[in-house]
Amino acid sequence: MHHYRSLTAALICTWLASAAQAEQRDVILMTNAGDETKVATINLEPDGSYDIVMADAPFSDHFLSMRPFRCIAGPDKHWCHLPYPYEIKRNISEDLIDLEYDFLFVWKGANDYGINLWNGVYYKLEQQEDQILGRLHEVDLDQLGVPPAAGDLRPLSDKDLHESDPDSHWLPRLVIR
């Protein structure tokens with residue numbers, strides 16, 4: 001695991017070094033068939049800090065389980081963005097975990113009235129050449145209902161994530177390019 005993190009950090013540093021000035025990257029969710037939906041733009045600084053502007057077009061407003069969500073309607077499932085409610089650094093100079101937290105989703109059946117946070121979607125990100133690729137993992141996001149301990153900026157751990165069969169979900173991949 002340590003070797004993997006070192007390799008990832010080296011790739012990220014190389015990617016950041018190639019961006020001598022601030023740049024923009026698109027965040028895209030993809031179906032298995034390769035259909036793309038742009039969900040955000042990332043404004044990336046050379047030091048690894050970033051900010052995100054979520055796209056308006058693919059999302060619609062929903063009031064589910066007594067709270068507002070922005071969802072993308074799919075044929076059988078809706079993908080609802082769950083903004084991470086606690087502090088994160090928004091910096092990828094060492095790893096991509098902050099970005100993973102910025103792109104949490106919850107899926108719900110197209111005909112369901114409520115939403116269940118145990119249907120959480122977590123894209124585990126990996127740097128590959130000039131883009132970042134995310135593989136869908138399932139996660140119970142109910143645990144985010146309680147604030148993490150002070151200073152714990154990353155309360156979700158590998159044991160909370162379960163790699164999913166890509167064919168069992170509508171949008172199994174995330175790409176940043």
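**Strand pairing and one pocket**

Strand β9 is joined by 2 bridges to strand β10 (residues 162–163), and these two strands run antiparallel. Before I go on, I should say that what we are looking at is a predicted model. Within this pairing, Glu 138 has as its bridge partner His 162 in β10.

Staying with β9, this strand is also joined by 4 bridges to strand β11, which covers residues 173–176, again in the antiparallel sense, and here the bridge partner of Arg 135 is Arg 173 in β11. What joins β9 to strand β8? Between β8, residues 120–128, and β9, residues 131–139, there are 9 bridges, and the strands run antiparallel; Leu 125, for instance, is matched with Gly 134 in β9. The hairpin of β8 and β9 has 2 residues between the strands, and in this hairpin Glu 129 takes a positive phi near 55°.

Let me turn to another hairpin, in which β2 (residues 36–44) and β3 (residues 50–54) pair in the antiparallel sense over 5 bridges, with Met 54 in β3 as the bridge partner of Ala 40. This hairpin has 5 residues between the strands, and the residue with a positive phi, near 95°, is Gly 48.

Finally, a word on the second largest pocket, whose volume is about 180 Å³. Which classes of residue make up its lining? The lining has 5 charged residues, together with 2 polar and 2 nonpolar ones, and among the residues that line this pocket are Lys 89, Glu 94, Asp 95, Asp 98 and Arg 154, as well as Ile 88 and Leu 153.

Definitions and conventions: Residues are numbered from 1 along each chain as its sequence is written. This is a predicted model: local features need pLDDT of at least 70, side-chain atom pairs count only at pLDDT 80 or more; totals for chains, interfaces and linings use all residues. Side-chain values use heavy atoms; hydrogens and water are left out. On a 1 Å grid over the protein atoms alone, a cavity is a set of points where a 1.4 Å probe fits but cannot get out, and a pocket is an open set with protein on both sides within 12 Å along at least five of seven lines; lining residues have an atom within 4 Å of a point. Grid points are joined across faces, edges and corners, and a volume is the space filled by probe spheres set on the points. Ala, Val, Leu, Ile, Met, Phe, Trp, Tyr, Cys and Pro count as nonpolar, Asp, Glu, Lys and Arg as charged, and the others, Gly among them, as polar. Two strands pair if DSSP finds at least two bridges between them.
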